Amino acid sequence: MNENTEEKITIIEGPTPTFEQIPELWVHGLSEGAMQSEMVMTRLRTFNGPSLVERCNRAWHNQLDIQLEYRRSDGLNAEAPIVAARHMETDEGDMLLLWLRMPDDSVELEIGYEDDIDDDFDEDNWDPDGV
């Protein structure tokens, strides 16, 4: 596999996944990156949870990204990086828990310089002691 290739787990059928905010603090350490993002979790039913977790582990071991590909509620396809995965067996069947880094498009960072010096600053009458 090419080193620049991204792995994907694709939701083929079913509704748009529900993304839950994460109360656990440990997962927020995984959200470091160049872009502002929010950490969320989703629970998905699956027939092959252990093999999907193994695909995630293999990608991370090879220092590759792995994405969850899903259809948004507006019908468009979207992807989100998977940062952690866990398989659980439940009464309803296999469940795949995925922790995702969702880009936070609503957050904008502005870096700038604000001039606190008054425009009427008179350099000749300036007192460095503030008296």
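Modeller: Helices and strands here are DSSP runs, numbered from the N terminus. Keep in mind as we go that this is a predicted model.

Biologist: Thanks! How many helices and strands are there in the protein chain?

Modeller: The protein chain has one helix and six strands. Reading from the N terminus, their order is β-β-β-α-β-β-β.

Biologist: What share of contacts joins residues at least 24 apart, among those between residues at least 6 apart in sequence?

Modeller: That share is 60% in the protein chain. For a single pair, take L64 and E7: they are 57 residues apart in sequence, yet their C-alpha atoms are 7.3 Å apart in space.

Biologist: Where does L64 lie, and is L64 buried or exposed?

Modeller: L64 lies in the loop between helix 1 and strand 4 (66-71). Buried means under 20% relative accessible area. L64 has a relative accessible area of 11%, so L64 is buried. Across the protein chain, buried residues account for 29% of the 131 residues.

Biologist: And what does the chain expose?

Modeller: The protein chain exposes about 10,200 Å², and carbon and sulfur atoms supply 46% of that area.

Biologist: Now to pockets. How do I read one?

Modeller: The general idea is that rolling a probe the size of a water molecule over the atoms shows where empty space is left. In this model, the largest pocket holds about 580 Å³ of space. It is lined by 24 residues, and the closest to its centre are I11, E13, L44, R45 and T46.

Biologist: Which elements give two or more residues to the lining of the largest pocket?

Modeller: Those are strand 1 (7-10), strand 3 (37-45), helix 1 (49-61) and strand 6 (93-103). Strand 3 gives the most, with four residues.

Biologist: What classes of residue make up the lining?

Modeller: It is a mixture: nine nonpolar, eight polar and seven charged residues.

Biologist: You named T46 as one of the residues closest to the pocket centre. Where does T46 lie?

Modeller: T46 sits in the loop between strand 3 and helix 1.

Biologist: Why does T46 count as buried?

Modeller: The cut-off is again under 20% relative accessible area. T46 counts as buried because its relative accessible area is 13%.

Biologist: What is T46 in contact with, leaving aside its neighbours within four places in sequence?

Modeller: Those contacts are with L52, D94, M95 and L96. There is also a partner nearby in sequence: the side chains of T46 and N48 are joined by a polar contact of 2.8 Å.

Terms used
Residues numbered from 1 in each chain as written. Predicted model: local features only at pLDDT ≥ 70, side-chain atom pairs only at ≥ 80, totals over all residues. Heavy atoms only, no water. 1 Å grid on protein atoms, 1.4 Å probe; cavity = no way out; pocket = protein on both sides within 12 Å on 5 of 7 lines; lining within 4 Å. Points joined across faces, edges and corners; volume = space filled by probe spheres on them. Nonpolar A, V, L, I, M, F, W, Y, C, P; charged D, E, K, R; others polar. Buried < 20%, exposed > 50% of the residue type's maximum accessible area, 1.4 Å probe, protein only. Polar contact = N/O pair within 3.5 Å; in protein donor to acceptor, adjacent residues only side chain to side chain. Contact = heavy atoms within 4.5 Å. Areas by Shrake-Rupley, 256 points an atom, 1.4 Å probe, with all protein chains shown as cover.
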